[in-house]
Amino acid sequence: MNYNWNWRIFFEPSPEGTGTYADMLLSGLSWTIATALCSWIIAFSLGSLIGVLRTLPSRGAQRVGTTYVELFRNIPLLVQMFLWFYVVPEILPGSWGTWLKQLPNSSFYTAVICLGFFTASRVAEQVRTGIETLPRGQRMAGTALGLTTWQTYRYVLLPNAYRVILPPLTSEFLNNLKNTSVALTIGLLELTARARSMQEFSSQVFESFTAATVIYLGISLIVVTVSSKLETRIAVPGSR
Amino acid sequence: MHFGHHRSVALSAAVVLASAMGITLGASGAGAQELTGTLKKIKETGEITIGYRDASVPFSYLDGDQKPVGYAFEICKKIAEAVKTNLKLTKLEVKLNPVTSATRIPLIANGTVDLECGSTTNNVDRQKQVAFTNTHFLTATRYVAKKSAKLDTIEDLKGKTVVSTSGTTNIRQINEANTARSLGLTILPAKDHAEAFLMVETGRAAAFVMDDVLLASLAASSKEPGAYAISTEALSKPEPYGIMLRKDDAPFKAVVDEATAKLYKSPEGKVLYETWFTKPIPPRGINLSLPMSDPMKKAFESPSDSADPAAY
């Protein structure tokens with residue numbers, strides 16, 4: 001292949017005038033991490049709530065949960081990103097729409113909300129299956145002890161369910177991390193977007209994307225290591 | 001520490017491998033009379049591969065029948081004919097391969113594509129990876145805004161939100177102007193031209209900074225072509241667009257340069273330009289109304305492959 005390799009490119013100044021190409025990728029990395037963590041907070045809390053709704057005895061609650069999951073799980077993420085960014089400001093009352101469009105870093109907030117709501121539907125399914133995996137006797141024992149529904153969930157069902165679903169939750173966390181790259185379509189300068197700009201500016205295509213790959217792999221490995229440590233620590237005694 | 005060591009070993013291995021490949025290529029191309037490089041490949045396979053863009057109006061794009069058409073695409077077809085004549089081939093099959101702004105350089109480098117026909121700016125950084133033939137178009141950086149916003153000069157943008165496509169030379173220029181002239185702009189990066197234009201259309205940004213020819217085509221193909229105006233003040237000197245080919249392949253470049261120079265100087269070149277820039281073009285019959293500028297006339301009279309805007 002007739003290609004001019006230059007691995008030192010990372011230490012050359014980027015044309016944006018704010019540091020080297022490596023700095024550029026690192027600033028992308030920090031946006032990726034910020035987006036992934038903020039959206040995970042929404043995804044985990046909202047997802048747990050929706051997952052619990054789907055297991056409650058109330059038919060109405062189940063229906064609300066199911067509707068949410070089907071709506072957010074079945075629309076492609078890219079489409080959701082566009083809907084939040086381009087359509088939502090248009091259907092809001094005029095002045096709100098304008099405020100939203102002029103908001104600094106609006107692509108970051110949009111990405112966090114969009115990813116949070118999307119991943120919540122997937123977390124909800126994990127939480128629901130986690131609760132349904134538990135022996136029925138656990139819920140009954142809670143009732144027999146005179147616990148309210150809230151107390152049964154808080155002290156009996158959820159602590160067990162979360163331990164059971166930790167491995168699939170790790171996968172969801174990693175998916176969420178990688179899905180942040182979809183936000184480049186609405187102008188968020190995260191890691192993939194930065195690798196793309198770097199290859200456009202420097203014409204060193206393979207170096208840019210190799211660096212992005214290594215960084216994504218690196219974070220994923222860290223997450224997996226932490227999560228497997230956590231799994232061993234919080235495993236339900238006797239279940240492993 | 002340990003990790004860093006392994007990585008540097010891997011990196012230097014890649015560098016050694018790459019330079020070894022470079023040496024082999026150079027050695028095999030040493031024959032005096034024999035064909036080398038791309039010409040040799042074309043002669044042996046009877047095929048030439050043209051890389052085209054899917055939405056670079058009017059340079060290279062897909063028409064209503066999903067067939068590539070355009071100004072640069074036509075030039076590439078002429079080059080293919082010239083190559084066929086030069087190699088005395090009875091039949092030359094022209095293969096087509098779609099490229100994007102991210103894939104065009106690697107596909108030229110790894111030999112998938114022999115000629116890239118689109119709207120690629122010829123600059124010094126890119127010349128480290130590829131070669132360019134004679135310039136086929138010159139474009140300056142300007143911005144498009146809604147007519148109702150009454151924006152025309154760079155100063156008019158003060159304090160506004162502007163958008164440009166990420167990874168382009170244009171976003172770099174607006175960043176520089178923002179700092180140098182303290183305009184206090186908020187600069188949004190967009191993924192591609194269509195999205196950047198959408199930001200102006202929906203009011204997310206006041207102006208879109210880009211090559212003026214691309215702005216003209218985006219505005220002309222929008223829902224309300226009359227609602228947009230392109231700034232008169234430019235952010236840069238006219239920059240050259242060129243057709244890309246593999247670097248360090250002098251015999252092939254000589255054939256291509258000769259073919260393009262001949263075309264540009266002939267009346268046929270002028271007709272070709274007028275067909276795509278001053279007349280209705282497929283698929284929707286829009287007219288870009290961009291008659292040949294003076295620097296462009298000069299570039300056709302004395303064809304050049306220089307990357308320096310001052311040369312035009």
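Here are a few worked exercises on this predicted two-chain model.

A quick note on conventions: residues count from 1 along each chain as its sequence is written, while chains are lettered from A and ligands numbered from 1 in the order in which they are written. Since the model is predicted, local features need pLDDT of at least 70 and side-chain atom pairs count only at pLDDT 80 or more, whereas totals for chains, interfaces and linings use all residues.

**Exercise 1. The contact between the chains**

Work out how many residues each chain puts into the contact, and which helix of chain A gives the largest share.

Step 1. Fix the criterion: two residues are in contact if their C-beta atoms, placed from the backbone, lie within 7 Å. With that, chain A brings 27 residues and chain B brings 34 residues.

Step 2. Look at the elements, where helices (H or I, at least four residues) and strands (E, at least two) are DSSP runs numbered from the N terminus. On the chain A side, helix 3 (77–91), helix 4 (94–102), helix 9 (191–202) and helix 10 (205–234) each supply at least two residues. Helix 9 of chain A gives the largest share, 7 residues.

Step 3. Sort that side by type: 13 nonpolar, 9 polar and 5 charged. Here Ala, Val, Leu, Ile, Met, Phe, Trp, Tyr, Cys and Pro count as nonpolar, Asp, Glu, Lys and Arg as charged, and the others, Gly among them, as polar.

**Exercise 2. Backbone oddities in chain B**

Find where the cis peptide bonds at Pro58(B) and Pro283(B) sit, then decide how exposed Asp248(B) and Ser289(B) are.

Step 1. The bond from Val57(B) to Pro58(B) is cis, omega near -5 degrees; Pro58(B) lies in the loop between strand 2 (55–56) and strand 3 (60–62) of chain B.

Step 2. From Pro282(B) to Pro283(B) the bond is cis too, with omega near 0 degrees. Pro283(B) belongs to the loop between helix 9 (267–277) and helix 10 (294–301) of chain B, and that loop also holds Ser289(B).

Step 3. Neither of the next two is a glycine, yet phi is positive: about 55 degrees for Asp248(B) and near 45 degrees for Ser289(B). You'll find Asp248(B) between strand 15 (244–246) and helix 8 (250–265) of chain B.

Step 4. Count C-beta atoms, placed from the backbone: 20 or more others within 10 Å means buried, 12 or fewer exposed, in between partly exposed. Asp248(B) has 14, so it's partly exposed; Ser289(B) has 10, so it's exposed.

**Exercise 3. Strand pairing in chain B**

Trace the sheet around strand 3 of chain B, then find the partners of strand 9 of chain B.

Step 1. Strands pair if DSSP finds at least two bridges between them. The order 2-3-4 gives an open, antiparallel sheet of 3 strands, with strand 2 and strand 4 (68–69) of chain B at the edges.

Step 2. Strands 2 and 3 of chain B share 2 bridges, and Ser56(B) has Ser60(B) as its bridge partner.

Step 3. Strand 9 (141–146) of chain B has 5 of its 6 residues buried. It pairs antiparallel with strand 12 (207–211) of chain B over 5 bridges, where Val144(B) faces Phe208(B). With strand 13 (228–230) of chain B, strand 9 makes 3 antiparallel bridges, and Lys146(B) stands opposite Tyr228(B).
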